[in-house]
Amino acid sequence: MDDLETEVKALIVDSLKLEDLRPEDIDSEEPLFVDGLGLDSIDALELGVALRKKFGLRIESVSEDIKAHFATVRSLARFIRSQQAAAAAQQA
Amino acid sequence: MTAPTLSRLFADGAPEDRTVAVTNGETISFARFRADVAGNAARVRRAGVRRGLLVTQDAYWGAVGLFALLQAGAEAILPPNAQPGTIAGLAGAWDLLLCDQPRSGDENALMLEPGGEGAAPGPFDPAAPVTVFTSGSTGEAKRIAKTLALLEWEAATLDRALGAMVPMGATVHGTVAHQHVYGLAFRLCWPLASGRVIAGPAHELWEGALSALAAGDALVTSPAHLSRMDGIAPIAPARRPSLVLSAGAPLAEPAAEQAAALFGVPVTEIFGSTETGAIALRHRSSPDPAWQPLPGITVEADGAGLLRVRSPFVAGDGLFEGADRIALEAEGGFRLLGRADRIVKIEGKRVSLAEVEARLRALPEVADAVAVSLSGPASRLAAVVVPSGEGAARLAEVGAFRFGRQLRRALAATQEPAGLPRHWRFLDALPSGPLGKQRHADIASLFEDTASMDPIPHRPTEPDIRATRPLPDGLELDLFLPANLAPLEGHFPGMPIVPGVAQIDWAAKLAARHLGAGDGVARNFQVKFRRVTVPDASVTLTLRHIAARRRLTFEYRSADEVLTSGSIALEGP
């Protein structure tokens, strides 16, 4: 199990105050919105706030379709890693 | 410049290379738009359609569908949303569904396509019908008949009121759907009629919306987005919008201030309804400014203080009677005192919760407020208040009880005694979430223990309950212990540890509240601390009610490690 994915799952459960759901109940490949976990657009906004606060995501650098990054826990973790790598490269 | 019109958009023409829209990375010229309308109009006409249901995700394709239906002489119907249930509920009201995304299961669906053969679109009948719906937050969505002329007048009026703020050729981005009147007017009709550019997609996430912005653009958004901007860095001057619009619900002052700081321009709020379209606007450059009616619109209060609007955008006789209570101000301005339909009975008196909130927000000590009536033997009025800077200073000085009493006295100038909240909670921010039952429940839950005021306001006194699972003889609760818990204050300075007295106190309170065991106070207990409990962590609390021995046992666990265990002798019921 990927640590970052576990962290993202915990963040989803905590930041959205999802009752009766544990982080381990979320599958990394499960769609987060509509058909899968069933998050809605307000949840997406809340999750955006939580991700910015926790991982310091920089949004100016996002040009391609952001919704694809928010599709699953796995894609979110990949997105966070790429953002962190970009930030590190900028500092170097 | 000639007056913007929609009915003569193609008849009067425009430069062939004028940019009409940007979508999917494509720039759409006026010539391309005309060809898309002509081609799809011909397809609609071939289908012999009288009533077309327009289900588009992209505002550009919404515009193509709308004008194709007008060109084909068919009624355009914009459903409140694209959910299959909604579409099914409208069966019988339409003959053909026009869409921009493949849909499964819908018969009679026509996918809008680029280009094709068709007659050049001519002038459209200003009386052509366009049907929209109220969003239907309560009960069934209501059908509202409009005409192209109404949309055209509204677009022209918005341009008179706001056009000078937005450069010609600027792109109009949105986070709201274009099939509701607000999005239809601002994202579709106004840009088309006034020489601005439609941004096709509606952005659900800030990340997408902000990365699309260029300097001078306009942004059509709502409190749902504007109140969720934490963590966003100020927008660079080279990308700053000229106009940020909000509508749909009142925008709280902290969100208005944050948005103004991030965008470098104050939010412009629009007040309106599906029936009337936009009625009034206000620029949030100062706290709670009065609303100013749009040019040509008259706002009056009827005998009961309810909103009455005379507007050329209202179908029929131009008169609309609303459910909002208003107070007229100098120079045609007005203030909203809230919906007349949030009326509760307190001590036999009718009290408008919305009015109490509006009066609270008008006080200098208050940044935001929600009023609720608490059920119980007698219904009581309660208020949750986010103090302003001034209020927070007063609160720190005099304490929660006296601060609440001071607010009561300030409200007494305008409210009958029944309209003065008896219970108060002071928070840094209101519980989030859309207005509705859940939010009401969240607010009401803040008053579960109304016997005592929070000794240290601004801090939670109990852990967050994340999940509960019933046991045969008790309850298991997943708790999160926030680091800012009030009971941590003063204990073990510099060392974040959850004190044992707090753990015993929570066990007693939660048992009383959830199991009805005891009176919530632990007077006689035994406890064993096995491991240190640290805050900012999740723990599981198991409560068992040993009724025969009149005892409550409790156990705090982290993973499978027992942190604290003990028992409390039950007194009271």
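**Exercise 1. A threonine in a loop**

Which side chains does a polar contact of 2.8 Å join? Place the threonine B:T175 in the fold and describe its surroundings.

*Solution.* The model is predicted, and what follows is computed from it. The polar contact of 2.8 Å is between the side chains of B:T175 and B:T221. To place the first of these, note that B:T175 sits in the loop between β9 (171–174) and α6 of chain B. Next, its relative accessibility is 11%, and since buried means under 20%, B:T175 counts as buried. Finally, once neighbours within four places in sequence are left aside, the residues in contact with B:T175 include B:A202, B:H203, B:A209 and B:H225, as well as B:T221 itself.

**Exercise 2. The nonpolar cores**

Determine which residues have the most contacts inside the largest nonpolar core, and which elements contribute to that core.

*Solution.* The largest nonpolar core has 44 residues, and those with the most contacts inside it are B:F33, B:F67 and B:L192. Among the elements of chain B that give two or more residues to this core are α1 (9–12), α2 (30–46), α5 (148–162) and α6, together with strands such as β1 (19–23) and β7 (129–133). The element that gives the most is α3(B), with nine residues. Taking B:F33 as a single case, and not counting residues up to four places away in sequence, one finds that B:F33 touches B:F67 and B:L192, and also B:L9, B:F10, B:V20, B:I28, B:Y60, B:A63 and B:V64. A second, separate core has 32 residues, including B:A185, B:L243, B:V299 and B:F313.

As for helix α6 (residues 181–194) of chain B, 14 of its 14 residues are buried, and just after this helix B:G195 takes a positive phi of about 85 degrees.

**Exercise 3. Two tilted ring pairs**

Describe the geometry and the placement of the aromatic pairs B:F67 with B:F124 and B:W206 with B:F263.

*Solution.* Over all chains the count comes to 15 aromatic pairs. In the pair of B:F67 and B:F124 the centres are 5.4 Å apart and the planes stand at 50 degrees, so the pair is tilted. Because B:F67 lies in helix α3 of chain B and B:F124 in the loop between β6 (109–111) and β7 of chain B, the pair ties together parts that are 57 residues apart in sequence. Both rings belong to buried residues, with relative accessibility of 1% for B:F67 and a relative accessible area of 6% for B:F124.

The pair of B:W206 and B:F263 is tilted too, at 6.0 Å centre to centre and 55 degrees between the planes. Here B:W206 belongs to helix α7 (residues 206–212) and B:F263 to helix α9 (residues 253–263) of chain B, 57 residues apart, and both B:W206 and B:F263 are buried.

**Exercise 4. The interface between the chains**

State how much area is buried between chain B and chain A, and identify the three residues that supply 35% of the area that chain B buries.

*Solution.* The contact takes 22 residues from chain B and 19 residues from chain A, and the area buried is about 2,000 Å², of which carbon and sulfur atoms give 59%. On the side of chain B, B:L205, B:E207 and B:R466 supply 35% of the area buried against chain A, more than any other three residues. Of these, B:E207 meets A:R52 in a salt bridge of 2.9 Å, N to O, while the count between the two chains is four salt bridges.

Note on methods:
Residues numbered from 1 in each chain as written. Chains lettered and ligands numbered in written order. Predicted model: local features only at pLDDT ≥ 70, side-chain atom pairs only at ≥ 80, totals over all residues. Heavy atoms only, no water. Buried < 20%, exposed > 50% of the residue type's maximum accessible area, 1.4 Å probe, protein only. Helix = DSSP H or I, 4+ residues; strand = E, 2+ residues; numbered from the N terminus. Core = buried A, V, L, I, M, F, W, Y, C linked by side-chain atoms within 4.5 Å. Contact = heavy atoms within 4.5 Å. Phe/Tyr/Trp six-rings, centres within 6.5 Å; stacked < 30°, edge-to-face > 60°. Buried area = accessible area lost by both parts, 1.4 Å probe. Salt bridge = Lys/Arg side-chain N within 4 Å of Asp/Glu carboxyl O. Polar contact = N/O pair within 3.5 Å; in protein donor to acceptor, adjacent residues only side chain to side chain.
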